[in-house]
Amino acid sequence: MDQVTEFRSALVKALPSSAYLLEDDARQAYESDWRGIVKNPSAAILLPGSTADVSAMVSLCAAHGIAVVPQGGNTGLAAGAVPVAHLPQAVLSLRRMQAIRSIDPVNNTMEIEAGVVLQTAQEEAARVDRLLPLSLAAEGSCQIGGTIATNAGGIHVLSYGSMRNLVLGLEVVLPDGRIWNGLRSLRKDNTGIDLKHVFIGSEGILGIITAAALRMLPRPKKALTVLAACDSAHAALRVFLEAQQACGSDLTSCEYLTQIGLDLVLDHLPASRPPFDERYPAYVLMEMSSLDATADLSARLEPLLMRLHEGGTVLDVAVAQSESQRMALWQLRESLSEGERAAGGAVKHDVAVPVAAIPQTIADIEHGLPKVAPGARLNIFGHLGDGNLHVNVMPPARVAFADFLAQARQVTAFIEEIVVGAGGTFSAEHGIGQLRVESLKNHRAPLELELMRAIKGAIDPRWMMNPGKVLNRSN
């Protein structure tokens, strides 16, 4: 009897049939990443309903030498939550662990399980008039555990920081099945190494996050959303800098997109509508918010926009006059990846540079890409306020994405060279997964990699937790 057969036999004996999936057809949805780029088989899909279940399942895997692949909503873009090739692995999905364990509006905290969908967590916070500020395009399907494991960013990092800033405590199942209960809801706890930060952003290679204590904030009572049209990234950056100077911390989001990206949405998502009668090269989507329901936000922002319009920096402005108009503007931004996917896909890059370097970085990429991949099309968008750009390279017209993938390595090397040369990073919020392992090796100092491997080896000495992601064992 081979290893996988033995494991499956032990699984059937130890767990109820509702706790696993073994049939090929049932496993397939868990074995492929969101973009359909990576697809590898698993020995089983594990469906725990509690932390105790996770512990038992991980222990069973460890006893049979089966690696474990933690999976949340599987919305990641670096294939970090699906199996790698040529290794016995079980996918452990947290989707059944959806309990809201507690909400404390006095302490401004919530304790929730890893399988809770982000949008659900936002709604639960709103029920007690609080805000869980993490917000991203996949919030209707991504799960809390995954957002912590990848240290998710999104549109509100400008004001609230990434997911790391919202986590007060964690519950984690370790690679040997033991449970670390670090579910503390304290703002101050200076008692040795803060272990939660070891697991936040570790992409599941150190353990499985099963629950979290999260920080909530007072909920804004008023918002103003504006889409400004510009002729360049240089003009877009000026709009952000002027708005930040005028609005301070009330400027909670500032996003950058182009007409190319907007066309992908308008062409492939029929419900979308163009925001202007004219077409413009670049756009800045900004949102101000206030805890004061009587605040006149437009009185602060509109004079600035009028001045920028008179000076030619802003070419046109759309101001949301209702919640439905506000949501329509945000839908354009949040549908960019979906529109791109519907158009056939792209070689994706999630980069960050110092904010001042954004226009030159975009210009360098636009200038150099035709030499590397003639005819390739660029869709650049992202979080202007924190320097995070999504640089997506689509194949030339009438070239299939599968055929274009042969050029992916050289395209990625070109973009990463520009970004790192500008003092930036090749991964701002998407993580490493199994698609950027080589990039991490190329762009991080040997000592950094040595320290990462030392932490991995200390917690997971057999390297059985989410193998093939982030780090290679041997180099």
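In this predicted model, the contact between helices H13 and H15 is made by Thr361, Asp364, Ile365, Gly368, Leu369 and Val372 on the H13 side, which meet Gln410, Val411, Phe414, Ile415, Ile418 and Val419 on the H15 side. Sorted by class, the residues of this contact comprise eight nonpolar, three polar and one charged. Two packed helices are described by the angle between their axes and the distance between the axes. For H13, which covers residues 358–372, and H15, which covers residues 408–421, the axes come within 10 Å and cross at roughly 150 degrees. Because angles over 145 degrees count as roughly antiparallel, H13 is roughly antiparallel to H15. The crossing in which H13 passes H15 is right-handed.

A second helix pair can be described in the same terms. Helix H8, residues 233–247, packs with helix H10, residues 297–310, at an angle of about 145 degrees, and their axes are 10 Å apart. The crossing of H8 and H10 is right-handed. From H8 the contact draws on Arg238, Val239, Glu242, Ala243, Ala246 and Cys247, while H10 contributes Arg300, Leu301, Leu304, Arg307 and Leu308. The classes found in the contact of H8 with H10 are seven nonpolar and four charged residues, with no polar ones.

From these helix pairs we turn to the sheets. One of them is an open sheet of four strands, arranged in the order S1-S2-S4-S3, and its pairing is mixed. Its edges are occupied by strand S1 (20–21) and strand S3 (67–71), each of which has a single partner strand, so one side of each is left without a neighbour in the sheet. The connection from S1 to strand S2, residues 44–46, consists of two bridges, and these strands run antiparallel; within this pair, Leu21 stands opposite Ile45 of S2.

Another open sheet has five strands in the order S5-S6-S10-S8-S9, with antiparallel pairing. Here strand S5 (100–104) and strand S9 (179–182) stand at the edges with a single partner strand each, so that one side of each is left without a neighbour in the sheet. From one strand to the next, the twist averages 10 degrees. Strand S5 is joined to S6 by four bridges in an antiparallel arrangement, and in this pairing Ser102 has Glu111 of S6 as its bridge partner. S5 and S6 form a hairpin with four residues between them, and in the turn Asn108 has a positive phi of about 55 degrees. Elsewhere in this sheet, strand S8 (residues 167–173) pairs with strand S10 (residues 208–215) in the antiparallel sense over six bridges, where Val167 has Leu214 of S10 as its bridge partner.

Which strands does helix H3 lie across? With regard to the four-stranded sheet, H3, residues 51–63, lies across S2, S3 and strand S4 (89–93), and runs at about 175 degrees to S4. With regard to the five-stranded sheet, H3 lies across S5, S8, S9 and S10, and runs at about 45 degrees to S8. Helix H3 is therefore roughly antiparallel to S4, given that angles over 145 degrees count as such, whereas its angle to S8 falls in the range counted as oblique. Helix H4, residues 118–127, lies across S5 and strand S6 (109–113), running at about 145 degrees to S6.

These elements belong to a protein with 17 helices and 18 strands. The radius of gyration of the protein is 23 Å, which is close to the 23 Å given by the globule rule for 475 residues, so the protein is as compact as a globular protein of that length. Along its principal axes, the C-alpha trace spans about 75 × 55 × 45 Å.

Technical notes:
Residues are numbered from 1 along each chain as its sequence is written. This is a predicted model: local features need pLDDT of at least 70, side-chain atom pairs count only at pLDDT 80 or more; totals for chains, interfaces and linings use all residues. Side-chain values use heavy atoms; hydrogens and water are left out. Axes are lines fitted to C-alpha atoms, for helices over the stretch in contact, and angles run from 0 to 180 degrees between N-to-C directions. Angles under 35 degrees count as roughly parallel, over 145 as roughly antiparallel, 65 to 115 as roughly perpendicular and the rest as oblique. A crossing is left-handed if the near helix is turned anticlockwise from the far one by less than a right angle, and right-handed if clockwise. Contact means heavy atoms within 4.5 Å. Ala, Val, Leu, Ile, Met, Phe, Trp, Tyr, Cys and Pro count as nonpolar, Asp, Glu, Lys and Arg as charged, and the others, Gly among them, as polar. Two strands pair if DSSP finds at least two bridges between them. The radius of gyration is taken over C-alpha atoms; the globule rule is 2.2 Å times the number of residues to the power 0.38.
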